[in-house]
Amino acid sequence: MSKNRFVVSDDVIFISHPDWNFTAAATIREDYIDEIKSVTWSINNGYLYSSKLGQYLHIYVVRKWYGNAIYEQMCDSNYIIDHMDNNSKNCKIENLCFLLSDENKGKGFTLDKEGKDKTFIALSLFKDFTTDLFQISIVFNNPANLVVDELEQPSVVLMAFLLYDTTYKTVIIDARAILNDYYDYGSFYPSRLRFIDYQIEGKVGHAISSEEYIKYREATIKSNHAIWGFVKKNYFKGWNKDNPRQSLHILGYQG
């Protein structure tokens, strides 16, 4: 009998334990949900592991979805399974992607560190298994200047959702560019990126500095008012090339 506690919501199972201060998550299907619930998952080197199955949870999930043959082939080619959000407890299939071992190490020293602080900008990567396409979702908690040639009024970006039909490596490079432009220039430049479709939401106005934003947050909290801020925005499951969004919506724009 498992020593874990399991809660199922749609196609996700949440796994907890009395000794843990976190909850893990994994994508499930009818053909293996009972097996996941029948064993005890413990922590081994920061990852969920079942001694009975002899497998880590993220590898177990990838094997179920991609098949053993593809998994073994990728391992033989020096690929590992990357947790796209750098959270080893998030074993949902949209958060797991094959990445060359050296590139995984590079991501750990660059994007994973650069995107860790979600105070100002929350950027997330996903791979939609149903379409085999990547997505980047971005919430600008402190809005950035939106640099788009056809805009005739100064505007800021609040959220952006980008669809990619490229390699995971290219998505990582673009994600780093987005963060670099945000922190170095306070701006978002869609034309510099290699997405194939987009949904961008913003409003007319000018961006404020990070210092001004922190002062605003502190003043709002002191006045006992709530302040919203995202740490992650989910992806659009099923978004593909055949149903393009190509949406740019700017609140208050008159052009």
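Here are five short exercises with worked solutions on a predicted model.

**Exercise 1. Cysteines**

Task: Find how many disulfides the structure holds, and explain why C75 is not in one.

Solution: Start with the bond itself.
- A disulfide is a covalent bond between the sulfur atoms of two cysteines.
- The cut-off to apply is a pair of cysteine sulfur atoms within 2.5 Å.
- For C75, the closest cysteine sulfur belongs to C97 and is 13 Å away, which is too far for a bond.
- C91 is in no disulfide, since its nearest cysteine sulfur, again that of C97, is 14 Å away.
- The count for the structure is therefore zero disulfides.

As a follow-up, are C75 and C91 buried or partly exposed? C75 has 31% relative accessibility and counts as partly exposed, whereas C91, at 1%, counts as buried.

**Exercise 2. Aromatic pairs**

Task: Classify the ring pairs Y32 with Y60 and F140 with F188, and work out which parts of the chain each pair links.

Solution: Take the count, then one pair at a time.
- The structure has 19 aromatic pairs.
- In the pair of Y32 and Y60, the ring centres are 5.7 Å apart and the planes stand at 80 degrees. Planes over 60 degrees apart count as edge-to-face, so this pair is edge-to-face.
- Y32 sits in the loop between β3 (24–27) and α1 (33–38), while Y60 is in helix α2 (residues 57–66), so the contact ties together parts that are 28 residues apart in sequence.
- Both rings belong to buried residues: Y32 has a relative accessible area of 1% and Y60 has 2% relative accessibility.
- For F140 and F188, the centres are 5.5 Å apart and the planes are at 55 degrees, so the pair is tilted.
- F140 lies in strand β11 (residues 133–146) and F188 in strand β13 (residues 187–188), distant parts of the chain that are 48 residues apart.
- F140 is buried at 1% relative accessible area, and F188 is buried at 1% too.

**Exercise 3. Clusters and charges over rings**

Task: Find which residues form an aromatic cluster with W65, and which arginines lie over the faces of Y189 and F236.

Solution: Look at the rings, then at the charges.
- W65 forms one aromatic cluster with Y66, F98 and F129.
- Over the face of Y189 lies R192, at 3.6 Å from the ring centre.
- Over the face of F236 lies R245, at 4.0 Å from the ring centre.

**Exercise 4. Helix α6**

Task: Check the span of α6 against its number of residues, then list its buried residues.

Solution: Begin with the length.
- Helix α6 (residues 168–185) has 18 residues, and at 1.5 Å a residue it should span 26 Å.
- The C-alpha atoms at its ends are 25 Å apart, which agrees.
- Its buried residues are Y168, T170, V171, I172, D174, A175, I178, L179, D181 and Y182.
- In an α-helix, residues three or four places apart point the same way, because there are 3.6 residues a turn.
- Just after α6, G186 takes a positive phi of about 65 degrees.

**Exercise 5. A three-stranded sheet**

Task: Give the strand order of the open sheet that contains β5, and find its edges.

Solution: Trace the partners.
- Strands in a sheet pair through backbone hydrogen bonds.
- The order here is β4-β5-β6, with antiparallel pairing.
- β4 (42–44) and β6 (55–56) each have a single partner strand, so they are the edges, and one side of each lacks a neighbour in the sheet.
- β5 (residues 47–50) pairs with β6 over two bridges in the antiparallel sense, and Y49 stands opposite Y56 in β6.

Key
Residues are numbered from 1 along each chain as its sequence is written. This is a predicted model: local features need pLDDT of at least 70, side-chain atom pairs count only at pLDDT 80 or more; totals for chains, interfaces and linings use all residues. Side-chain values use heavy atoms; hydrogens and water are left out. Buried means under 20% relative accessible area, exposed over 50%, partly exposed in between (1.4 Å probe, protein chains only). Rings of Phe, Tyr and Trp (its six-membered ring) pair if their centres lie within 6.5 Å; planes under 30 degrees apart count as stacked, over 60 as edge-to-face and the rest as tilted. Helices (H or I, at least four residues) and strands (E, at least two) are DSSP runs, numbered from the N terminus. A charge sits over a ring if NZ of Lys or CZ of Arg is within 6 Å of the ring centre and within 35 degrees of the ring normal. The expected span of a helix is 1.5 Å times one less than its number of residues. Two strands pair if DSSP finds at least two bridges between them.
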